[in-house]
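Trainee: I have a new model open and would like to learn how to read it. Could you walk me through it, feature by feature?

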2 protein chains.
Amino acid sequence: MTETALSRADLQRARVTSVSAEIFSRRGFRATSMNEIAAAVGLSKPTLYHYFRSKEELLVRIYSDVLDESLALGQRTVAAAPTPLDAVRDLITSRVVYTCEHQALLKVCFEEEHELPPELAEQVLRRRRAFEQFFVAALGRHLAEHPEVRLPMAPKVYVNMCLGAVNWCYKWYRPGGANTPTELGRQMAATLTAALTA
Amino acid sequence: MTETALSRADLQRARVTSVSAEIFSRRGFRATSMNEIAAAVGLSKPTLYHYFRSKEELLVRIYSDVLDESLALGQRTVAAAPTPLDAVRDLITSRVVYTCEHQALLKVCFEEEHELPPELAEQVLRRRRAFEQFFVAALGRHLAEHPEVRLPMAPKVYVNMCLGAVNWCYKWYRPGGANTPTELGRQMAATLTAALTA
DNA sequence: AGTTTCCGACCGACCGGACGGTCGGGACCA
DNA sequence: TGGTCCCGACCGTCCGGTCGGTCGGAAACT
């Protein structure tokens, strides 16, 4: 078992990233000072620098956490789906749920890309593509098994369209609304995959 | 005829906003200095302040230009559509085209909202809602005329989903790609409105 | 036509403040 | 006693914005 005992420092780091993400999502990365973060988390600025080398590292950590979790979730979802069509449907649903439940995190990851150092930005892009690949691959398998389905666009375009519909939730979903994230996910999955059945 | 003669100053202002939007979209509003903008447009910083009261005003101008054009485009599109269903379809198509052809502008408007002063932010929100209203209204008319259509979600959710699919183009569309913006728009409109016919 | 006035366009040099990051040291625990 | 956690005070830099002034051309006047 790779049960790594979380040190006290790791817990603090997690707290800091969580609080930072929330502030970044409201004020923007550049507009948020390290002093603000320190105050919000109940520490002083030098103490923040005890846990993180730089402001940038804070952002990188947020990105890498989200990407790790996104990829893992995608992998699990595809593995659990009985058919390729179910895989596509469940990818949509689970992604909607994840997005609605982590709006602040997603907002930061979608809107602060230009703050990443070029080398990191490229790595982020690669992993984002890997996530899309789950979608494209499942869709490809479905289309291969069902040649009668006539998709009016290239598979990649279809995937980007779905991802847009799904990711956009970070901008408009409000927790106390009429639908739970899961309901929302299922509704969207149903509507979007209508084009995948003849 | 309301042919307003554009003064030299107005032309300069337009050039500045256009250049600014391009730089803001690459580096972010906060990360872009007035010196950079001045240099890129071939002026000095004080001259920039001769045309604009503040950096913020530059951003406000970008927002208001985009919103004006978006609303006008929406209005025209709905007015020209023979049926409510066509209105929805054409709103999607024209919006995809507009988004693909002004990616930098849209990126700024979607990702720098937190830089707007609260009062302006509220106004932007109101106008954004007015734009959504074109969609919702057309969809409502269509559903009223065709009670046999079973939409698996609330109209507002459907509209938000479509807007996400459509707006997301600012993130992934690349001009030299396989599809022209118009083709892309028609493909998406066809797929998304499949749920609107029985 | 010549001359004075005026104004928009333009800039080099500067200011005040904020921000990322550091330093030196205190307190607490093993 | 050495490592972890923590902080008040400080530094260098950069940035939004201003100041004081130049230049050229279009009126306005004579």
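**Reading the protein around its DNA**

Mentor: Happily, and let us begin at the DNA. At least two residues of the surface near DNA strand C come from each of α2 (34-41), α3 and α4 (55-80) of chain A, and likewise from each of α1 and α3 of chain B. Keep in mind that this is a predicted model.

Trainee: Which element gives the most to the surface near DNA strand C?

Mentor: That is α3(B), with four residues.

Trainee: And which residues come nearest to DNA strand C?

Mentor: There are 18 residues around the strand, and A:Ser33, A:Lys55, B:Ala9, B:Ser44 and B:Pro46 come nearest. By class, the surface near DNA strand C holds six nonpolar, seven polar and five charged residues.

Trainee: Now the other strand, please. Which residues come nearest to DNA strand D?

Mentor: Out of 17 residues around DNA strand D, the nearest are A:Ser44, A:Pro46, A:Thr47, B:Ser33 and B:Lys55. Two or more residues of this surface come from each of α1 (8-27) and α3 (45-51) of chain A, and from each of α2 (34-41) and α3 (45-51) of chain B. The largest share, four residues, belongs to α3(A). Sorted by class, the surface near DNA strand D has six nonpolar, seven polar and four charged residues.

Trainee: Both chains keep turning up. How should I read the relation between two copies?

Mentor: The general idea is that two copies of a chain are related by a rotation about an axis and a shift along it. Here, a turn of 180 degrees with a shift of 0.0 Å along the axis lays chain B on chain A, with an RMSD of 0.0 Å. The two copies are thus related as by a two-fold rotation axis.

Trainee: Which residue of chain B comes closest to the rotation axis?

Mentor: Look for B:Ala165, whose C-alpha is 2.1 Å from the axis.

Trainee: How do I read the place where the chains meet?

Mentor: In general, the size of an interface is often given as the accessible area lost when the parts come together. For this model, let us count residues in contact instead: 29 residues of chain B touch 29 residues of chain A. On the side of chain B that touches chain A, α1 (8-27), α8 (155-167) and α10 (181-192) each supply at least two residues. The element that gives the most is α8(B), with seven residues. This side divides into 16 nonpolar, eight polar and five charged residues.

Trainee: Why can we say that the copies meet through the same surface?

Mentor: Compare the two lists of interface residues: 100% of those in chain B are also interface residues in chain A, so the copies meet through the same surface.

Trainee: Let me step back to one chain. What does the secondary structure of chain A come to?

Mentor: Chain A has ten helices and zero strands. Its C-alpha atoms fill a box of roughly 65 × 40 × 35 Å along the principal axes. Of the 198 residues in chain A, 35% are buried. Among contacts in chain A with a separation of 6 or more, 72% join residues 24 or more positions apart.

Trainee: How do I check a single helix, say α1(A)?

Mentor: Start with its span. The 20 residues of α1(A) should span 28 Å at 1.5 Å a residue, and the end C-alpha atoms are 28 Å apart, which agrees. Next, ask which way its residues face.

Trainee: Which residues are buried in α1(A)?

Mentor: A:Val16, A:Thr17, A:Ser20, A:Ala21, A:Phe24 and A:Ser25 are buried. Seen down the helix axis, the buried residues of α1(A) fall within an arc of 155 degrees, so they line one face of the helix. On the other side of α1(A), A:Arg8 and A:Leu11 are exposed.

Trainee: What covers the buried residues of α1(A)?

Mentor: The cover includes α2, α3, α4 and α6 (103-111) of chain A.

Trainee: Which residue follows α1(A)?

Mentor: Here you meet A:Gly28, with a positive phi near 90 degrees. In the other copy, B:Gly28 comes just after α1(B) and takes a positive phi of about 95 degrees.

Key: Residues are numbered from 1 along each chain as its sequence is written. Chains are lettered from A and ligands numbered from 1 in the order in which they are written. This is a predicted model: local features need pLDDT of at least 70, side-chain atom pairs count only at pLDDT 80 or more; totals for chains, interfaces and linings use all residues. Copies are superposed by least squares on the C-alpha atoms of residues with pLDDT of at least 70 in both. Two residues are in contact if their C-beta atoms, placed from the backbone, lie within 7 Å. A residue is near a molecule or strand if its C-beta atom, placed from the backbone, lies within 6 Å of it. Ala, Val, Leu, Ile, Met, Phe, Trp, Tyr, Cys and Pro count as nonpolar, Asp, Glu, Lys and Arg as charged, and the others, Gly among them, as polar. A residue is buried if 20 or more other C-beta atoms lie within 10 Å of its own, exposed if 12 or fewer, and partly exposed in between; C-beta atoms are placed from the backbone. The expected span of a helix is 1.5 Å times one less than its number of residues. The arc is that of the directions from the helix axis to the C-beta atoms.
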